Amino acid sequence: MHNAAFAALGLNWRYLAFEVDPQNLRAAIEGARVMHFAGLNLTVPHKLLAVDMVDELAASAKKWGAVNTIKFEAGYEGKIRAVGYNTDADGITRSLREDLQLELRGAEVLLLGAGGAGRTAALKLAAENVAELFLVNRTQSKAEEIAAEIKRQFPAVAVTVGYPKTDVDLILNATSLGLKPADASSLDEKQFSLKQARAVYDMIYRPAETKLLAAAKAAGCKTANGLGMLLHQGVAAFEIWTGATAPRDVMRRALEETIYEH
Ligand code: ATR
């Protein structure tokens, strides 16, 4: 999506993927800086590690405690500074609004998963003033830690660890279950029926339809996959690096074409 966007704007830039061992992350960031890269995106497992490796944290990275975007900026005396941002959190809520037409304020949400993505989603939803969050995770203690953090930061939001007893406006899958064809659904339907949910969002975008989304559609729920979230975090990163308005439609088309071509 970034290369398509650079081409559309006539920028002679390139977006490339590099696999970096976490123990080399600091060296990789330093290498990109001295090679005059414009910026970086970081993904699992680098987002938390990078927080301590940049020269400055933008408000978004401070707020969400994770860095998925770095911009290299000219500082004093020609020194280049690495500034860390987080564009994931806004990507989640933009996509929920755009793809599911969901009103988040006052919503009842069942969130599956308490890893990095689940934590960001939980805190962002709380910041958007959802009424109640139900947190479910294989490792319950991680859901409990997030619940405690929400109680501290957002005392007006009700938070429960476990499945809801009543209907919800949204089920949000933030686990990695569904990435592989053999994976079970991330929702235990013995504990909670899809008939009790208005909408289901799966952060997974490949496959385009996980078992959870297929079952949700069959149960009559409104559904969306994580493509919109991927797009929106990318749009925000593009604008941070280039200072230009991102060509969203070009980026969305490029994503759809490349992600689903194989
Ligand atoms: P990410 O940054 O994508 O969130 P992560 O931090 O590794 O990645 O989190 C993965 C999430 O998927 C976690 O909620 C994890 O549950 P645990 O906290 O119990 O590990 C969940 N997950 C992964 N594999 C799973 C499985 N086989 N069954 C249930 N949950 C699983």
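Let's start inside the sheet of this predicted model, where Leu111 has Leu135 of strand S6 as its bridge partner. That pair belongs to a longer match: strand S5 (residues 108–112) and S6 run in the parallel sense and are joined over five bridges. To get from S5 to S6, the chain passes through helix H6 (residues 116–127), and this β-α-β crossover is right-handed.

Now take a look at S6 itself, which spans residues 132–136. Glu132, Phe134 and Val136 point one way from the strand, while Leu133 and Leu135 point the other way. Buried here means under 20% relative accessible area. Five of the five residues of S6 are buried, so the strand is largely enclosed by the rest of the structure.

S6 has another partner as well: it pairs with strand S7 (residues 158–161) in the parallel sense, over four bridges. Here Glu132 stands opposite Ala158 of S7. Helix H7 (residues 140–153) joins S6 and S7 in making a right-handed β-α-β unit.

Next, let's visit the ligand. It is surrounded by 13 residues, and the closest are Ala117, Asn137, Arg138, Thr139 and Lys142. This shell is made up of four nonpolar, seven polar and two charged residues. Some of the contacts involve the backbone: a polar backbone atom of Gly116 is 2.9 Å from an oxygen atom of the ligand, and a backbone N or O atom of Ala117 also lies 2.9 Å from a ligand oxygen atom. Lys142 contributes a polar side-chain atom, 2.7 Å from an oxygen atom of the ligand. On its own, the ligand has 650 Å² of accessible area, and the protein covers 67% of that.

Conventions: Residues numbered from 1 in each chain as written. Predicted model: local features only at pLDDT ≥ 70, side-chain atom pairs only at ≥ 80, totals over all residues. Heavy atoms only, no water. Buried < 20%, exposed > 50% of the residue type's maximum accessible area, 1.4 Å probe, protein only. Helix = DSSP H or I, 4+ residues; strand = E, 2+ residues; numbered from the N terminus. Pairing = 2+ DSSP bridges. Right-handed = clockwise from strand over helix to strand, strands pointing away. Near = heavy atom within 4 Å. Polar contact = N/O pair within 3.5 Å; in protein donor to acceptor, adjacent residues only side chain to side chain. Areas by Shrake-Rupley, 256 points an atom, 1.4 Å probe, with all protein chains shown as cover. Nonpolar A, V, L, I, M, F, W, Y, C, P; charged D, E, K, R; others polar.
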